[in-house]
Amino acid sequence: MHTVKEAALITGLTEHAVRFYTDKGLVPSVQRNQNNIRMFDEESINWLHGVKCLKQSGMPIEVIKMYVDLCLEGDSTIPQRWAIMMEHKEAALVKLEEAKQHVAHLEQKTALYQAILEQRSPDTTNPGNWDKIQHMHCDVFYSPPVQKA
């Protein structure tokens with residue numbers, strides 16, 4: 001049997017995360033000793049590893065709880081667990097595409113900064129300079145300066 005501290009070391013989680021996950025009901029096999037201290041057997045450690053994996057993939061705690069509850073119901077819930085994983089996978093793929101777009105944008109920005117550093121381009125990245133520059137980036141809308149009466 002392992003203490004919270006030991007379970008944290010074994011799983012790579014923080015002690016706070018171990019307590020949080022057990023309080024949320026995500027580690028159904030956790031036990032308590034006579035002093036009401038959480039104690040973790042190998043099954044509990046396995047649950048913590050599984051929860052950590054799902055959480056790191058971006059799955060919300062509420063969905064992890066639903067998944068844990070389905071696991072406890074047994075093999076008859078495999079179709080529902082599969083559906084949860086498929087839905088989560090689709091959401092992760094959407095986030096991956098968004099991340100790829102962010103990286104492409106950052107590639108453009110870093111190339112622009114490199115050109116600025118090499119003095120091949122004026123600094124068009126500073127909004128304070130935009131009214132002095134007639135150049136436009138594809139990702140920034142420049143509104144015309146407002147004339148004061």
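**Two helices and a buried arginine**

The secondary structure of this protein chain comes to five helices and two strands, and I should say at once that what we have in front of us is a predicted model. If we follow the chain from the N terminus on, the elements run α-α-β-β-α-α-α. Of the 149 residues in the chain, 30% are buried. The chain exposes about 10500 Å², and carbon and sulfur atoms supply 57% of that area. When we take the contacts between residues at least 6 apart in sequence, 42% of them join residues at least 24 apart.

Let me begin with helix 1, which covers residues 4-11 and in which Val-4, Ala-7, Ala-8 and Thr-11 are buried. These residues lie on the same side of helix 1, because they cover an arc of only 100° around the axis. The face turned away from that buried side carries the exposed residues Lys-5 and Leu-9. And what covers the buried residues of helix 1? The cover includes helix 2, at residues 15-23, together with strand 2, at 38-39, and helix 3, at 42-56. After the helix comes Gly-12, whose phi is positive, near 80°.

Helix 2 can be read in a similar manner, starting with its buried residues, which are Ala-17, Val-18, Tyr-21 and Thr-22. Here the arc around the axis is only 130°, which means that these residues sit on the same side of helix 2. On the face turned away from the buried side we find His-16 and Asp-23, which are exposed. The buried residues of helix 2 pack against helix 1, strand 2 and helix 3, and also against helix 4, which spans residues 61-73. Just after helix 2, Gly-25 takes a positive phi of about 80°.

Now I would like to turn to a single residue, Arg-38, which is found in strand 2. Is Arg-38 buried or exposed? Its relative accessibility is 13%, and since buried means under 20%, Arg-38 counts as buried. Which side chains does Arg-38 meet through polar contacts? One such contact, of 2.9 Å, joins its side chain to that of Thr-22, and another, of 2.7 Å, joins its side chain to that of Asp-23. Thr-22, as we heard, is among the buried residues of helix 2, whereas Asp-23 is on the face turned away from them. If we leave aside neighbours within four places in sequence, the residues in contact with Arg-38 include His-2, Thr-3 and Val-4, as well as Arg-19, Val-30, Gln-31 and Arg-32.

Note on methods:
Residues are numbered from 1 along each chain as its sequence is written. This is a predicted model: local features need pLDDT of at least 70, side-chain atom pairs count only at pLDDT 80 or more; totals for chains, interfaces and linings use all residues. Side-chain values use heavy atoms; hydrogens and water are left out. Buried means under 20% relative accessible area, exposed over 50%, partly exposed in between (1.4 Å probe, protein chains only). Helices (H or I, at least four residues) and strands (E, at least two) are DSSP runs, numbered from the N terminus. The arc is that of the directions from the helix axis to the C-beta atoms. Contact means heavy atoms within 4.5 Å. Accessible areas come from the Shrake-Rupley method with a 1.4 Å probe; for residues, only the protein chains shown count as cover. A polar contact is a pair of N or O atoms within 3.5 Å; within protein, one must be able to donate a hydrogen and the other to accept it, and residues adjacent in sequence count only if both atoms are side-chain atoms.
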